[in-house]
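Subject: Structure for your review

Dear colleague,

Please find below the structure that I agreed to hand over. My account of what was found in it follows directly after.

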Amino acid sequence: MPRTLTENFVEQFTLCKVTADETVGIIAELGQKDEYVAAAVAAARQLGAGALVLHASSLSNPNLPPYAADGREIAPLLAAAGECDFVVDVTVGGLIHSDVRTRITGNGKRMLFVAEPNDVLERLAGNADLRGQVESGGSKLRKGSVLHVTNGAGMDLTADISGEDLPITHQWGYVDEPGRWDHWPSGFVACFPNDRTAEGTIVLQPGDALIPWQRYVQDTVTIEVEKGFITAVSGKGTDAHVLNDYFEAWEDSEVWALSHMGWGLLERARWSAFDVYDPRSLYGQELRSTAGNFMWSTGSNRFADRETPAHLDVPMRGCTVEIDGVAVVRDGKLVVE
């Protein structure tokens with residue numbers, strides 16, 4: 001029998017090592033996802049912890065311009081979150097690419113973003129085995145010099161990932177260490193290649209995904225990349241036109257930049273999620289995490305001092321991902337060591 005939202009929060013908070021002497025801070029937006037706020041508070045109390053709800057009027061970015069950030073609520077929110085031991089983000093869009101996240105985790109706080117429907121949270125909950133896979137993938141990236149991605153449609157993309165300071169994102173769905181951020185559910189590893197080093201051609205095929213639009217690609221799209229930036233988007237169908245229109249709408253050169261890239265490791269994640277569920281109820285993490293995908297993104301990259309509210313994640317099927325010539329994903333399937 002499926003667990004209730006509160007029961008799943010209790011399980012997750014236990015994975016995150018929430019203890020009775022801690023205070024849990026819940027960052028939310030007024031009138032949004034109230035059931036998640038209630039479940040987080042109830043779970044904290046069941047574990048004996050304190051709970052503090054931090055409501056802001058709106059922290060989510062719109063999907064299209066015009067957009068002007070209003071930071072008046074941020075300073076008091078950060079001050080309150082700084083008094084908490086474990087911070088749960090249940091905002092609509094998430095604080096993933098924001099200064100809020102960086103400052104909370106930079107002060108040694110554990111931070112967890114929660115967005116998907118209850119049954120997805122339960123079905124895709126992380127565990128120690130998944131964590132081991134993610135850490136192994138991160139180790140491969142850390143030791144590598146060149147990331148090379150191809151597919152049968154003509155994709156050929158390379159990026160410089162050399163250097164001991166390469167920023168790597170490890171996501172296995174829970175946080176049990178100081179200063180760590182994660183997304184429940186999740187299961188992938190990604191890096192931010194050295195800035196302006198991505199070169200080549202990306203070829204999207206029908207069935208690849210566009211997030212946060214929460215839909216599948218319908219037509220073949222060819223994307224040219226030079227020095228880390230998209231220089232051309234072409235194709236005969238609607239998708240190429242829509243992508244160009246979206247990028248151009250912002251009138252900001254930074255929206256054309258490539259950001260992070262990596263691959264999914266979560267075997268229980270299903271690519272069919274956008275058709276099985278109402279896409280409007282999904283954040284898209286299931287497709288980001290599907291085992292054997294290749295995912296790349298555009299826009300924000302805090303490691304390159306690049307901030308923009310425009311951001312796309314593009315999980316792709318059927319790719320081969322190589323690090324220094326050694327495949328970690330071949331034709332959309334994880335390479336078993």
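I begin with one residue of a charged pair: arginine 103 has a relative accessibility of 43% and therefore counts as partly exposed. Please bear in mind throughout that this is a predicted model.

Arginine 103 and its partner

The side chain of arginine 103 meets that of aspartate 99 in a salt bridge, with 3.3 Å from N to O. Aspartate 99 is likewise partly exposed, because its relative accessibility is 40%. Both residues belong to helix H4 (residues 99-106), and because they are 4 residues apart there, about one helical turn separates them. In general, an α-helix has 3.6 residues a turn, so residues three or four places apart point the same way.

Other salt bridges

The search of the whole structure finds 13 salt bridges. One of them joins arginine 215 to aspartate 239, with the closest N and O atoms 2.8 Å apart. Because arginine 215 lies in strand E12 (residues 215-216) and aspartate 239 in helix H7 (residues 238-249), the pair ties together parts that are 24 residues apart in sequence. The two partners can be described separately: arginine 215 is partly exposed at 25% relative accessibility, whereas aspartate 239 is buried, with a relative accessible area of 2%.

A further salt bridge links aspartate 182 with arginine 180, and here the closest N and O atoms are 2.2 Å apart. Both aspartate 182 and arginine 180 are buried. In addition, Arg131, Glu135, Asp176 and Glu177 are connected in a network of salt bridges.

The chain as a whole

The protein chain contains 9 helices and 20 strands. Its radius of gyration is 19 Å, close to the 20 Å that the globule rule gives for 337 residues, so the chain is as compact as a globular protein of that length. The C-alpha trace spans about 55 × 45 × 40 Å along its principal axes. Of the 337 residues, 53% count as buried. Among contacts with a separation of 6 or more, 71% are accounted for by residues 24 or more positions apart.

Helix H6

Helix H6 covers residues 128-143, which is 16 residues, and reaches 23 Å from its first C-alpha to its last; this is close to the 22 Å expected at 1.5 Å a residue. Which residues of H6 are buried? They are Leu130, Arg131, Val134, Gly137, Gly138 and Leu141. These residues cover an arc of only 125° around the axis, which puts them on the same side of H6. Arg131, one of these buried residues, is also part of the salt-bridge network described above.

The buried residues of H6 pack against five strands named here in order: E5 (146-151), E7 (168-171), E9 (188-191), E15 (258-264) and E18 (319-323). On the face turned away from the buried side, H6 carries the exposed residues Ala128, Asp129 and Lys143. The N-terminal end of H6 is capped by asparagine 127, which has a side-chain oxygen 3.2 Å from the backbone nitrogen of aspartate 129.

Three individual residues

Leucine 15 is placed in helix H1 (residues 5-15). Its relative accessibility is 31%, so leucine 15 counts as partly exposed. Leaving aside neighbours within four places in sequence, leucine 15 is in contact with Gly126, Tyr174 and Asp176. The C-alpha atoms of leucine 15 and alanine 125 are separated by 9.8 Å, although the two residues are 110 residues apart along the chain.

Leucine 30 is found in the loop between strand E1 (23-29) and helix H2 (34-46). Is leucine 30 buried or exposed? Leucine 30 counts as exposed, because its relative accessibility is 52% and the cut-off for exposed is over 50%. Not counting residues up to four places away in sequence, leucine 30 touches His55, Ala56 and Ser57. Its C-alpha atom is separated by 11 Å from that of serine 60, which lies 30 residues apart from leucine 30 along the chain.

Threonine 290 also lies in a loop, in this case between helix H9 (285-289) and strand E16 (294-298). At 9% relative accessibility, threonine 290 counts as buried. Not counting residues up to four places away in sequence, threonine 290 touches Gly264, Leu265, Leu266, Ala269, Arg270 and Trp271.

With kind regards

Note on methods. Residues numbered from 1 in each chain as written. Predicted model: local features only at pLDDT ≥ 70, side-chain atom pairs only at ≥ 80, totals over all residues. Heavy atoms only, no water. Helix = DSSP H or I, 4+ residues; strand = E, 2+ residues; numbered from the N terminus. Expected span 1.5 Å × (residues − 1). Buried < 20%, exposed > 50% of the residue type's maximum accessible area, 1.4 Å probe, protein only. Arc of directions from axis to C-beta. Contact = heavy atoms within 4.5 Å. Polar contact = N/O pair within 3.5 Å; in protein donor to acceptor, adjacent residues only side chain to side chain. Salt bridge = Lys/Arg side-chain N within 4 Å of Asp/Glu carboxyl O. Rg over C-alpha atoms; globule rule 2.2 N^0.38 Å.
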